[in-house]
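Trainee: Hi, have you got a few minutes to go through this model with me? I'd like to start with what we mean by a buried residue.

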Amino acid sequence: MGLRAVAQPRPTVLRGLSTRAGPSESAPTIIIPQNLPLAGVRVLEVGQVIAGPFCGQLLGHYGAEVIKVEPPKVGDPLRVWRERDVDGVSPWWRSIARNKKSVTIDMRKEEGRNLVRKLAVKSDVLLENFKPGTLEKWNLGPADLHPLNPSLIFTRVSGYGQTGPWSPRPGYASVCEAESGFRYINGTPDPETGGLLGPPIRPNLSLGDSVAGLHAAFGTVLALLARKAREAQGQPGGQTVDVSIFESMVNLMEGIIPEYGRKGKIRGPSGSSLTGIVPTNAYPCKPAPSAPHTPAYIVIGANSDSIYARLMRALGRDDLVGPAFAQNHDRVARQAEIERAIAAWTRARTAEEAEAARGLVEDVWVPKKEGEGGFEGGWSVKMSRAVPVLEGCDTKTRWAGPELGEHNREVLIGELGLAEEEFVRLQQEGVIGD
């Protein structure tokens, strides 16, 4: 397979995936639908845990062939994070690694790096989230690989970017969320100072990593779109997509920077409401009959002028509709009065059970061969479907996160052309996994 100016169509039949059948099905061949926008794009994912792999998950949903490189024996650490299933593997792994091919290569060894180099020459995108400088240390950076594949796009996710005074620092999402200011505006406000009352509140998930992964996927698609135009102008089609967790979080901070620059206003925490927008809050409800001692709340947002008016009339509070409440700044001035009226109405009612919108959750089968670890057949794992929804595109998950090294033979022998003897030797020497 030669170098490409743009992504070229590849065979859509995926080999070595015969275990991906449901419990009552024969083992079908997995085929990537050609109506997916990234069909024909190959992504070599060498990152781990969340930020880089979440980007790879998104690209795979929309048709990209994602080859994930993992260290032999242990694999991506996320395989055993949080809850573990009956086979010892995290259901989270089955979700974030869905539609990917797992290849086990020890990148600490020169022969392992040579295999990654060969895979990069045959790829459209190299996706990584190592500390800046790691790929360069391994002679796998843009300066090393672009002479071999001028069309290669490097999507690089790090704490603080590939350049600048903070670039050498390792970056964790929790710290980057704090440095962006995001953590400061989340929590209970001190009624006297307006600042935080106690420590900042953390959302119980790795938000910064996922937000960076979204930016990385967006940047990758932009780079793929730009590649053909660059090459038409005689420029190399490959480029670097530099994504910083810190900068991705700053990008979410709405009007905080311009508000401070123009008005000197420092936005503080606001509890369950949203500063300067009324009404939007979590309002107390009657406990559900099934849990009479558990506090219940309902979140109501009526930010637009017309929706606010309809809400107040539905609550029987026509007295809170009119010129004095017509626009948001009018309602901000009378926030306490409006909040009391809504809370008085919700306290007399139970919150309705929330429902998933338009089938957001899907069941994905995790196959196990007969006799494999004592788990015959397999089981289903619930996962969120791919979004955004594209008209005419079938983005249903094709297979769950694979077993460690499941696609070694398909990729290393089938794609790179390793001889069987060479494959076995590399296994014996620990360069690739079993």
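Mentor: Happy to! A residue is called buried when its relative accessible area is under 20%. Keep in mind that this is a predicted model.

Trainee: Good, let's try that on Thr395. Is Thr395 buried or exposed, and why?

Mentor: Thr395 has a relative accessibility of 14%, and because buried means under 20%, it counts as buried.

Trainee: And where does Thr395 sit?

Mentor: Thr395 is in the loop that runs between β12 (377-384) and α13.

Trainee: What does Thr395 touch, leaving out residues up to four places away in sequence?

Mentor: With those set aside, Thr395 is in contact with Leu36, His61, Tyr62 and Ala386. His61 belongs to α1, where it is buried too.

Trainee: How many residues of α1 are buried?

Mentor: The count is 11 of the 11, so α1 is largely enclosed by the rest of the structure. Among those buried residues are Phe54, Gln57 and Leu58. Just after α1 comes Gly63, with a positive phi of about 110°.

Trainee: Changing topic to pockets. What volume does the largest pocket have?

Mentor: The largest pocket has about 730 Å³. It is lined by 31 residues, and the closest to its centre are Phe54, Gln57, Leu58, Leu214 and Val387.

Trainee: Which helices each supply at least two residues of that lining?

Mentor: α1 (51-61), α2 (91-96) and α7 (207-232) each do that. The largest share comes from α7, with 8 residues.

Trainee: How does that lining divide into nonpolar, polar and charged?

Mentor: For the largest pocket, the lining has 21 nonpolar, 7 polar and 3 charged residues.

Trainee: You listed Leu214 there. Which helix is Leu214 in, and what does it touch?

Mentor: Leu214 is part of α7. Not counting residues up to four places away in sequence, Leu214 touches Phe54 and Leu58. Its relative accessibility is 47%, so Leu214 counts as partly exposed. The C-alpha atom of Leu214 is also 8.9 Å from that of Ser248, although these two residues are 34 apart along the chain.

Trainee: Nice. What about the second largest pocket?

Mentor: The second largest pocket holds about 550 Å³ of space. Of its 22 lining residues, Gln48, Val49, Asn129, Gly171 and Tyr172 are the closest to the centre. Two or more lining residues come from each of β7 (153-158) and α6 (173-180). By type, that lining splits into 11 nonpolar, 7 polar and 4 charged residues.

Trainee: Now the sheet. What is the strand order, and how do the strands pair?

Mentor: The sheet is open and has 6 strands in the order β5-β4-β3-β6-β7-β8, with parallel pairing. β5 (100-104) and β8 (240-244) stand at the edges with a single partner strand each, so one side of each has no neighbour in the sheet. Ignoring direction, neighbouring strands are turned by 20° against each other on average.

Trainee: How many bridges join β4 to β5?

Mentor: There are 5 bridges between β4 (residues 65-70) and β5, and the two run parallel. Val69 stands opposite Val103 of β5.

Trainee: And which helix packs on the sheet, touching β3, β4 and β5?

Mentor: That's α13 (residues 408-415). The direction of α13 makes about 80° with that of β5. You met α13 earlier, at one end of the loop that holds Thr395.

Terms used
Residues are numbered from 1 along each chain as its sequence is written. This is a predicted model: local features need pLDDT of at least 70, side-chain atom pairs count only at pLDDT 80 or more; totals for chains, interfaces and linings use all residues. Side-chain values use heavy atoms; hydrogens and water are left out. On a 1 Å grid over the protein atoms alone, a cavity is a set of points where a 1.4 Å probe fits but cannot get out, and a pocket is an open set with protein on both sides within 12 Å along at least five of seven lines; lining residues have an atom within 4 Å of a point. Grid points are joined across faces, edges and corners, and a volume is the space filled by probe spheres set on the points. Helices (H or I, at least four residues) and strands (E, at least two) are DSSP runs, numbered from the N terminus. Ala, Val, Leu, Ile, Met, Phe, Trp, Tyr, Cys and Pro count as nonpolar, Asp, Glu, Lys and Arg as charged, and the others, Gly among them, as polar. Two strands pair if DSSP finds at least two bridges between them. Axes are lines fitted to C-alpha atoms, for helices over the stretch in contact, and angles run from 0 to 180 degrees between N-to-C directions. Contact means heavy atoms within 4.5 Å. Buried means under 20% relative accessible area, exposed over 50%, partly exposed in between (1.4 Å probe, protein chains only).
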